[in-house]
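User: I'm new to reading protein structures and would love a close look at one part of this one. Could you pick a pair of neighbouring strands and walk me outwards from there to the rest of the protein?

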Amino acid sequence: MKTKKNHIIIGWREWVALPEFELPHIKAKVDTGARTSALHAYFVEPFHKGDQEWVRFGVHPVQRNSKIEHICTAPVIDKRWVTDSGGHKEERYVISTDIKLADTLFNTELTLTNRDTMIFRMLLGRTALKKRFIIDPARSYLMGEYHPVKRPKK
């Protein structure tokens with residue numbers, strides 16, 4: 001659904017994709033209280049490619065499942081101090097990547113942090129949302145549900 005200004009209405013949680021990292025489905029909490037978006041990274045290792053700083057990081061894309069892991073690399077665009085919802089300050093690496101939500105592909109910044117204790121592997125912050133989406137806080141998955149194929153137990 002779109003508004004008169006072509007903003008797409010989304011719910012408070014949605015499935016997103018990170019195509020540059022070949023991650024087709026991550027459940028994201030839409031969080032207007034967070035300025036910057038955040039991605040779960042259970043480890044972050046800085047390294048250099050020539051003169052540029054990069055990071056290698058591991059993602060557990062499925063909540064409550066640490067067996068599924070995906071290793072990614074990206075150039076670092078910044079390091080920032082971020083205060084989380086509990087008031088704790090942490091210096092985080094910042095990367096830039098494309099996010100796909102519904103039929104919209106856009107580039108945004110993501111901070112990398114360990115979200116093992118959080119329900120959502122990703123937060124979609126207000127900087128990524130502005131001028132693109134309107135949030136309906138009473139609804140979820142307006143862009144569609146993702147139903148992973150369940151494999152039979154052996």
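Analyst: Let's start with strand β5 (residues 43–49), which pairs with β6 in the antiparallel sense over seven bridges. Two strands count as paired if DSSP finds at least two bridges between them. A strand here is a DSSP run of E with at least two residues, a helix is a run of H or I with at least four, and both are numbered from the N terminus.

Before going further, a word on what you are looking at: this is a predicted model, where local features need pLDDT of at least 70 and side-chain atom pairs count only at pLDDT 80 or more, while totals for chains, interfaces and linings use all residues. Residues are numbered from 1 along each chain as its sequence is written, and side-chain values use heavy atoms, with hydrogens and water left out.

Back to the pair. One place to find on screen is Pro 46, which stands opposite Val 55 in β6. The two strands form a hairpin with two residues between them, and there Gly 50 takes a positive phi near 65°.

Now look at Phe 43, which lies in strand β5. With a relative accessible area of 23%, Phe 43 is partly exposed; buried would be under 20% and exposed over 50%, with partly exposed in between (1.4 Å probe, protein chains only). Leaving out residues up to four places away in sequence, Phe 43 touches Arg 56, Phe 57, Gly 58 and Ile 71, where a contact means heavy atoms within 4.5 Å. Phe 43 and Thr 113 are 70 residues apart along the chain, yet their C-alpha atoms are separated by 8.2 Å.

Next, follow β6 to its other partner. Six bridges join β6 to β7, and these strands run antiparallel. Here Phe 57 stands opposite Cys 72 in β7. In the loop between β6 (52–59) and β7 (70–75) you will find His 60. At 6% relative accessibility, His 60 counts as buried. Not counting residues up to four places away in sequence, the residues that His 60 touches include His 40, Tyr 42, Asp 116 and Arg 121.

Phe 57 also leads us to another strand, as it is one of the residues touched by Leu 39. Leu 39 belongs to strand β4 and is buried, at 0% relative accessibility. Apart from residues up to four places away in sequence, its contacts also include Leu 18, Ile 26, Val 59, Leu 110 and Met 122. In contrast to those contacts, take Glu 14: it is 25 residues from Leu 39 along the chain, and the two C-alpha atoms are separated by 14 Å.

Met 122 brings in β11. Strand β4 (residues 37–40) is joined to β11 by two bridges, and the two run antiparallel, with Leu 39 opposite Met 122. Strand β3 (residues 23–31) is joined to β11 too, by four bridges, and these two run parallel. In that pairing, Ala 28 stands opposite Met 122. Within β11 (residues 122–125), Met 122 and Leu 124 point one way, Leu 123 and Gly 125 point the other way, and all are buried.

Let's step back to the whole protein, which has one helix and 12 strands. From the N terminus on, the order is β-β-β-β-β-β-β-β-β-β-β-α-β. The radius of gyration is 16 Å, close to the 15 Å that the globule rule gives for 154 residues, so the protein is as compact as a globular protein of that length. That radius is taken over C-alpha atoms, and the rule is 2.2 Å times the number of residues to the power 0.38. Of the 154 residues, 39% count as buried. Among contacts between residues at least 6 apart in sequence, 55% join residues at least 24 apart.

Finally, two loop residues to look for. Most residues other than glycine have a negative phi. Ala 102, though not a glycine, has a positive phi of about 60°; it lies in the loop between β9 (89–101) and β10 (104–113) and is partly exposed at 26% relative accessibility. Lys 131 is also not a glycine and has a positive phi of about 65°. You will find Lys 131 in the loop between α1 (126–129) and β12 (133–136), where it is exposed, with a relative accessible area of 75%.
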